[in-house]
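These entries record what I looked up in one structure, in the order in which I did so. I began with the overall fold and then turned to individual residues and charged pairs.

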Amino acid sequence: MSDASLSDAATSDATVTRIAIKDVTPDVSSAMSALHEAAMAAARAAGIEPELLQLVRIRASQINGCSLSLARHLRDARAMGQSEQRISDVRAWRNSKVLSPRERAALSLTEAITLVFAGQVPNAVYAEAAGLFDETQLAALIWAATVINTHNRIAITTRLEGSGAPPIAAAG
């Protein structure tokens, strides 16, 4: 067990109040919202299908364990008409018969970006995506994966209600 794990085990979640990050740093939160909007505008301009972006968001949120984002993006995917089979195949995308090669390449790239701590984004993963998406589409996918990962990390770190992190004590 790591030192961090030991200290977490010794500190009850009820004794730790997390900050309301949007209230403490509203300018940074606004900049993050602007980054999200810019990334989505770039994806639209590049012709990336909104349904594909939802699959990217779902996969990153699954990996990160952010139930708040996962619930939102599952709901949005269903509202866009994604079938339950396609949605359930996101977790096992490598073996999916219903996801296209483009979708599988986007999910592979998303996983590599999300799990970058485990190693660099492999050349094979990048090359596969670069072979199926043009330069502007590839850039938009990288931004989309980066933005959802950032949202997930903020929600989990601050224990935003519904993020999947253990509940926190109410701020006093």
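**Entry 1: secondary structure.** How many helices and how many strands does the chain have? I worked from a predicted model. I counted nine helices and zero strands. Read from the N terminus, the order of elements is α-α-α-α-α-α-α-α-α.

**Entry 2: burial, surface and contacts.** I looked up the totals for the chain next. Of its 172 residues, 35% are buried. The exposed surface of the chain comes to about 9700 Å², and carbon and sulfur atoms supply 58% of that surface. I then took the contacts with a separation of 6 or more and noted that residues 24 or more positions apart account for 66% of them.

**Entry 3: Ser29.** I located Ser29 in helix H3, which covers residues 26–46. Is Ser29 buried or exposed? The relative accessible area of Ser29 is 18%; the limit for a buried residue is under 20%, so I entered Ser29 as buried. Leaving aside residues up to four places away in sequence, I found that Ser29 touches Ile21 and Lys22.

**Entry 4: salt bridges, Glu111 and Arg59.** My search of the whole structure returned six salt bridges. In one of them Glu111 pairs with Arg59, with 2.8 Å between the closest N and O atoms. Glu111 belongs to helix H7 (residues 101–114) and Arg59 to helix H4 (residues 50–64), so this pair ties together parts that lie 52 residues apart in sequence. I recorded both Glu111 and Arg59 as buried.

**Entry 5: Glu103 and Arg86.** I next examined the salt bridge between Glu103 and Arg86, where the closest N and O atoms are 2.4 Å apart. This pair links distant parts of the chain, as Glu103 is in helix H7 and Arg86 is in helix H6 (residues 84–89), 17 residues apart. Glu103 and Arg86 are both buried. Which residues do salt bridges with shared partners join into one network? I listed Arg59, Arg94 and Glu111.

**Entry 6: Arg78 and Glu84.** I also noted a salt bridge between the side chains of Arg78 and Glu84, at 2.6 Å from N to O. Are these two residues buried or partly exposed? Arg78 has a relative accessible area of 41% and is partly exposed. Glu84, with a relative accessible area of 44%, is partly exposed as well. I set this beside the earlier entries, in which Glu111 and Arg59 are buried, as are Glu103 and Arg86.

Terms used:
Residues numbered from 1 in each chain as written. Predicted model: local features only at pLDDT ≥ 70, side-chain atom pairs only at ≥ 80, totals over all residues. Heavy atoms only, no water. Helix = DSSP H or I, 4+ residues; strand = E, 2+ residues; numbered from the N terminus. Buried < 20%, exposed > 50% of the residue type's maximum accessible area, 1.4 Å probe, protein only. Contact = heavy atoms within 4.5 Å. Areas by Shrake-Rupley, 256 points an atom, 1.4 Å probe, with all protein chains shown as cover. Salt bridge = Lys/Arg side-chain N within 4 Å of Asp/Glu carboxyl O.
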